[in-house]
Amino acid sequence: TGTPDPTIVSTPTISPNGGTFTSTQSVTLTLSTTGATIHYTLNGTDPDTTSTLYTAPFTLTDTATVKARGYKTGLTASAVASAVFTKGTATVPSVASGSDPDIAVSSSGMLHIVYVREGSTWYKQGTLETGFGSEMLIGLGVDPRIDLDSSGNPHVVMAQAYNITGTEEWYAKWTGSVFSTPQVVVSRPGHDLRKPRLEMDNSNNAVIAFEDNTAPSQGAHYVRVSPLGAVSAPTKYGDDDVSGIGIDPSNTYHFTWRRDRRTLFYTNSTGIGAVSTPVELHPNVSDFSDLDIKPGNNELHVVRTVRLAEGLMYTKKTGAAWSTPVVFALTETMGVNPDNINPSIAVNSTGKVFVTFRGNDTLPKYFTISPSSVASAVVSLDTVPGEGKYKNPNIEESPGGGAYATWGSGGMVFVKFLNP
């Protein structure tokens with residue numbers, strides 16, 4: 001591009017650089033020439049010094065063509081920057097009002113969804129083809145996770161709170177027509193409990209992992225709830241935060257967790273109190289990972305964000321050996337903040353891996369990994385940017401080899417089917 005001409009004001013940058021939105025869209029204008037001002041228009045005409053002076057980010061409520069130009073006394077005005085913003089409707093229909101959803105899929109293809117609204121967890125079931133039934137209140141609680149037992153009945157775990165005020169973890173199960181009253185399965189007054197995770201084992205026990213952030217009990221733990229509601233003593237399996245959890249056909253529990261908020265480890269448990277020697281998977285990871293098991297197999301698949309590497313680490317365990325970790329590049333040019341993407345993983349019966357994650361441009365995204373560890377292109381789950389705090393998608397494999405992704409945005413819950 002050459003050295004910028006110092007006699008000409010730099011061209012303004014419009015951020016984001018156009019696109020589609022559903023409600024409102026904030027727009028920021030910047031330029032690099034010190035002391036220059038920006039004038040802009042919204043009707044597609046080229047701006048001049050009589051046009052609106054930019055002083056702070058502005059909000060669009062309708063379709064607009066933003067044009068901006070920089071000015072400074074003694075210099076030639078900049079070139080005109082232009083971006084088109086289109087107000088539209090979501091290409092993926094919403095299925096409920098709420099946020100922070102999770103999904104489970106039965107062997108018949110029935111979708112079971114839990115989500116949060118006003119501090120409580122709600123439930124719906126249905127299909128994308130026939131629609132969803134009426135929602136059902138499970139009870140107070142946030143950050144819900146759902147799984148199905150061998151009969152296809154839903155079980156749900158919830159945290160008391162997202163932050164340091166949470167001292168309990170709650171569990172509820174389907175009783176034929178309603179959910180049971182949420183049962184306190186972990187109670188540690190004065191502690192900071194977070195991130196409940198749930199998997200049903202092959203004996204229909206609910207295996208609930210949780211994170212305790214209060215010394216000296218700090219670490220990743222699990223409890224097991226029997227079909228009759230008996231709760232085991234907690235088993236500590238990791239030094240730090242809860243990440244992925246999976247259960248194989250032999251009823252071995254598999255976990256990933258971090259040490260010192262940095263190094264990713266794997267352990268397994270064959271029974272209450274029995275934990276394997278930790279295996280280091282990667283020395284330098286950041287928040288959140290996920291683990292899934294290939295259906296009908298003991299093959300483990302793990303994804304995790306890698307610190308400062310602008311990517312997502314992937315490794316799998318076949319037999320006794322873990323594969324060498326592969327880091328797939330995820331950069332800001334893809335609309336991704338690589339240090340904060342909260343990945344979720346699902347593996348189908350052929351070994352194809354679906355990975356969903358949060359996009360920095362408020363669009364949830366996904367890509368796939370082949371059995372030979374080749375990644376597809378990154379694709380947005382929707383074409384309309386979302387709004388609101390919770391945009392972290394979760395994913396579950398479907399009986400036909402595809403997967404269902406769900407995410408919350410703008411106070412609504414969305415579900416999309418991804419082809420095999």
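Which residue is the bridge partner of Tyr171 in β18? I looked this up at the start, keeping in mind that the model is predicted. The partner in β18 is Gln183.

**Entry 1. The sheet around β17**

I then followed Tyr171 to its other side. Val157 stands opposite Tyr171 in β17. I also checked Trp170, and found that Val184 in β18 is the residue opposite.

I next looked at the strand pairings. β17 covers residues 168-173, and strand β16 spans residues 154-159. These two strands pair in the antiparallel sense, over 5 bridges. On to strand β18, residues 183-187: 4 bridges join this strand to β17, and the two run antiparallel.

I placed these strands in their sheet. The sheet is open and has 4 strands in the order β15-β16-β17-β18, with antiparallel pairing. Its edge strands are β15 (142-148) and β18, each of which pairs on one side only. From one strand to the next I noted an average twist of 20 degrees.

Is β17 enclosed or open to the outside? I found that 5 of its 6 residues are buried, so the strand is largely enclosed by the rest of the structure.

**Entry 2. Aromatic pairs**

I searched the whole structure for aromatic pairs and obtained 17. One of them joins Tyr123 and Phe179: it is edge-to-face, with 5.0 Å from centre to centre and 75 degrees between the planes. What does this pair tie together? Tyr123 belongs to strand β12 (residues 120-127) and Phe179 to the loop between β17 and β18, so the pair connects parts that are 56 residues apart in sequence. I recorded both Tyr123 and Phe179 as buried.

I also noted a cluster in which ring pairs link Tyr222, Tyr237, Tyr253 and Phe255.

**Entry 3. Arginines over rings**

I looked for charges placed over ring faces. Arg117 lies over the face of Trp122, at 4.3 Å from the ring centre. Arg259 is placed over the face of Phe265, where the distance to the ring centre is 4.4 Å.

**Entry 4. Thr256**

I turned to Thr256, which is part of strand β24 (residues 253-259). Why does Thr256 count as buried? Its relative accessibility is 0%, and therefore it falls in that class.

Which backbone atom does the side chain of Thr256 reach? I found the backbone nitrogen of Gly244 at 2.8 Å. Gly244 is also among the residues that Thr256 touches beyond four places in sequence. That list further includes Tyr237, Asp241, Val242 and Ser243, as well as Leu264, Phe265 and Tyr266. Leu281, Ser289, Leu291 and Val302 complete the list. I noted that Tyr237 appears in the ring cluster as well, and that Phe265 is the ring under Arg259.

**Entry 5. Met313**

I examined Met313, in strand β29 (residues 311-318). Met313 counts as buried because its relative accessibility is 0%.

How far apart in space are Met313 and Pro325? I read 6.2 Å from C-alpha to C-alpha, for two residues that are 12 apart in sequence. Pro325 is also in contact with Met313, and so are Val326 and Val327. Leaving aside neighbours within four places in sequence, the other contacts of Met313 are Leu264, Leu281, His282, Val302, Val303, Arg304 and Val306. I saw that Leu264, Leu281 and Val302 also touch Thr256.

**Entry 6. Ser349**

I located Ser349 in the loop between β32 (344-347) and β33 (353-357). Not counting residues up to four places away in sequence, Ser349 touches Lys294 and Pro295. I also took the C-alpha to C-alpha distance from Ser349 to Gly35, which is 60 Å, with their positions 314 residues apart in sequence.

**Entry 7. The sheet with β36**

I closed with another open sheet. Its 4 strands follow the order β9-β38-β37-β36, and the pairing is antiparallel. Which strands lie at the edges? They are β9 (94-97) and β36 (394-397), each pairing on one side only. The twist averages 20 degrees from one strand to the next.

I examined the pairing of β36 with strand β37 (residues 403-409), which is antiparallel and runs over 4 bridges. Within this pairing, Ile395 stands opposite Ala405 in β37.

Technical notes. Residues are numbered from 1 along each chain as its sequence is written. This is a predicted model: local features need pLDDT of at least 70, side-chain atom pairs count only at pLDDT 80 or more; totals for chains, interfaces and linings use all residues. Side-chain values use heavy atoms; hydrogens and water are left out. Buried means under 20% relative accessible area, exposed over 50%, partly exposed in between (1.4 Å probe, protein chains only). A polar contact is a pair of N or O atoms within 3.5 Å; within protein, one must be able to donate a hydrogen and the other to accept it, and residues adjacent in sequence count only if both atoms are side-chain atoms. Contact means heavy atoms within 4.5 Å. Two strands pair if DSSP finds at least two bridges between them. Rings of Phe, Tyr and Trp (its six-membered ring) pair if their centres lie within 6.5 Å; planes under 30 degrees apart count as stacked, over 60 as edge-to-face and the rest as tilted. A charge sits over a ring if NZ of Lys or CZ of Arg is within 6 Å of the ring centre and within 35 degrees of the ring normal. Axes are lines fitted to C-alpha atoms, for helices over the stretch in contact, and angles run from 0 to 180 degrees between N-to-C directions.
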